[in-house]
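Colleague: Could you take a close look at one part of this model for me, the sheets, and then walk me outwards from there? I'd like one connected account.

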Amino acid sequence: MDRLVSISRAAKLVGVSRGNLQRRVQDGELESFEGQLLLSDLARVFPDATLEDNTMLEKLERIIEHAAIKARNRTTSLPPDMETLAARVNLLTEDLIEAKLEISIFYNIMDKLKARLNTVSRAHPQLSDSLRDLQAWLLQEIESVSEKKMEQFPLLTTDNILRLVAAQVRIEPSGHEYFVEGSNSILESGLSAGLALNYGCSNGNCGKCKARLLSGEIKKIRTHDYVLTEKDKLQGYFLACSNTAVTDIIISADEAGSEQDIPLQTFQARVRKIEMPLPDLCVLNIKTPRTQRLRFLAGQKVKLETPGVGAMEAHVASCPCEDMHLQFHLHRDSHNPFTEHVFSHLKANDVINIEGPVGHFVLREDETNPIVFIAFGEGFAPIKSLIEHAMTLDVTEHIDLFWAVTDNHELYMHNNCRAWSDAFERFSYSPVIGGNRDMLANDVMQMLSKEHPQLDGYHFYIAGPDKEVAAMQSALQQQGVESACVFSDTLA
Ligand code: FES
């Protein structure tokens, strides 16, 4: 029997993005059966997918290493516990028994068929040649099926390992899929996968992460105070922050489909670290309280305020998947008392008020098109958040970053971008250093045209000062790019 696997699982098995597989389905290279792919088709299209070079196995090593470090640090995240592993081994064993049973039935039928053919052949000698041919054909077919099975062997083995170390979650009605590794909660794994799940406290107190189990098995990993009624429990409701997935599960849960679905939030957070990569630019790292994380979409802004001093609006430069950790890139403005305060007085552990999020510069829902990100100077902040989010979602086929500045040293996170380039095959980074601010958009356009003579099918996300963003929009328009494919935001 051939095995059907979800697109998320298939992407892990052959080490490509989900976007890549979705594109192949659209192009007819792979056939989809209600969102699932056949392992035999995968083996045909990716004949070189082996156990040795599979990214899933690298990830498995990282999970084990990570789990070991966490265990040493006595945190709550551990590799799958014995009970979970036993349940998963049990499921694999059931599959194995079923497969063995099918094989023995199959061989039984084959033996009976051979005996029957021999009987018919003896009774009707005039048919014996044809029946012998038929037998030879049958044996050949069986052999070719076995050979095909061997081609799938590396994928089948990897899939079985994946089934042991991680459980797959499918969310209804969106159809989003992700994996829960170790004993992580269903909520934190979803957030790490870049999904905008509904939540509040992350520790079982608020009830905002309430979801409904439609199939599969879950397990409580934390006692919680939020009381689910008996009726809730009978209907399959559970708290995503307080449970892990034992087997593959399907749940119904609330997700933000767009920025309108995320409420305005107000809370206090503390400064974790302040760095000054440039004399007039500071990278401010903030940690939110455990019980109040900021729900936002990559590319959005918040208001930062120090009571009695002042406030400013700033793009969040970190990915929503970073949970309690927020990052901002703030430019010094001598007319703004808040930035003066940040540069001169603010220190670790100080309190900052946060209000937000606002803004519409977010990834289009389920963005699968290849994306070109263009940052002018400090417009890099929202672009960084969007890139990290797009990488986490793993649906985009290819990501390009053009970071345009007037001087080399303004590439204040150049090494960060190079690290992305080294780590992600589908990411390319092009710094653009132009001497003249007025010509920067032209410089980007020239480099972009060299790298991508054809701009059809790309989506463009641009951020930076008004003037550069407007010049870039018009340069793209002149190249025939439709405005519906261009999204932009300007710095405050
Ligand atoms: S996020 Fe508050 S109970 Fe789960």
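Modeller: Sure. One term before we start: two strands count as paired here if DSSP finds at least two bridges between them. Keep in mind too that this is a predicted model.

With that in hand, take the open sheet of five strands, which has mixed pairing and runs in the order β4-β3-β9-β5-β7. Its edges are β4 (177–181) and β7 (237–239), and each of these pairs on one side only. Ignoring direction, neighbouring strands in this sheet are turned by 40° against each other on average. For a look inside it, go to β5 (residues 210–215) and β9 (residues 249–252), which pair in the antiparallel sense over three bridges. Put your cursor on Ser 215 and you'll find that its bridge partner in β9 is Ile 250.

Now move along to the other sheet. This one is also open, but it has six strands with antiparallel pairing, in the order β13-β12-β15-β10-β11-β14. The edge strands are β13 (310–315) and β14, each pairing on one side only. From one strand to the next the twist averages 35°.

A good way in is through β10 (residues 265–278). Six bridges join β10 to β15 (residues 351–358), and the two run antiparallel; Ala 269 stands opposite Ile 352 there. β10 also pairs with β11 (residues 281–287), again in the antiparallel sense and over six bridges. A hairpin of two residues joins β10 to β11, and Val 271 stands opposite Ile 286 in that pair. Carry on from β11 and you reach β14 (residues 325–331), joined to β11 by seven bridges and running antiparallel to it. Leu 281 of that pair stands opposite His 331.

This sheet has a helix on it as well. α9 (residues 337–344) packs there, touching β11, β12 (301–306), β13 and β14, and its direction makes about 85° with that of β13.

Next, the long-helix pair. α5 (residues 82–123) and α6 (residues 128–165) pack with their axes 12 Å apart, at an angle of about 175°. Anything over 145 degrees counts as roughly antiparallel, so that is what α5 is with respect to α6. On the α5 side, the residues that meet α6 include Leu 85, Leu 92, Leu 117 and Val 120, while those on the α6 side include Leu 131, Leu 134 and Leu 164. By class, this contact has seven nonpolar, four polar and three charged residues.

As for the nonpolar cores, the largest has 91 residues, of which Phe 373, Trp 403 and Val 444 touch the most other members. Helix α10 (residues 380–393) gives the largest share of this core, seven residues. Leaving out residues up to four places away in sequence, Phe 373 touches Ile 383, Leu 386, Ile 387, Ile 399, Asp 400, Leu 401 and Tyr 461. Another core, of 14 residues, lies apart from that one, and among its members are Val 16, Leu 30, Ala 43 and Leu 155.

To finish, look at Asp 27, in the loop between α2 (18–26) and β2 (36–38). Asp 27 counts as exposed because it has 8 C-beta neighbours inside 10 Å. Its C-alpha atom is separated by 26 Å from that of Gln 479, 452 residues apart along the chain.

Terms used. Residues are numbered from 1 along each chain as its sequence is written. This is a predicted model: local features need pLDDT of at least 70, side-chain atom pairs count only at pLDDT 80 or more; totals for chains, interfaces and linings use all residues. Helices (H or I, at least four residues) and strands (E, at least two) are DSSP runs, numbered from the N terminus. Axes are lines fitted to C-alpha atoms, for helices over the stretch in contact, and angles run from 0 to 180 degrees between N-to-C directions. A nonpolar core is a set of buried Ala, Val, Leu, Ile, Met, Phe, Trp, Tyr and Cys residues joined through C-beta atoms within 7 Å. A residue is buried if 20 or more other C-beta atoms lie within 10 Å of its own, exposed if 12 or fewer, and partly exposed in between; C-beta atoms are placed from the backbone. Two residues are in contact if their C-beta atoms, placed from the backbone, lie within 7 Å. Angles under 35 degrees count as roughly parallel, over 145 as roughly antiparallel, 65 to 115 as roughly perpendicular and the rest as oblique. Ala, Val, Leu, Ile, Met, Phe, Trp, Tyr, Cys and Pro count as nonpolar, Asp, Glu, Lys and Arg as charged, and the others, Gly among them, as polar.
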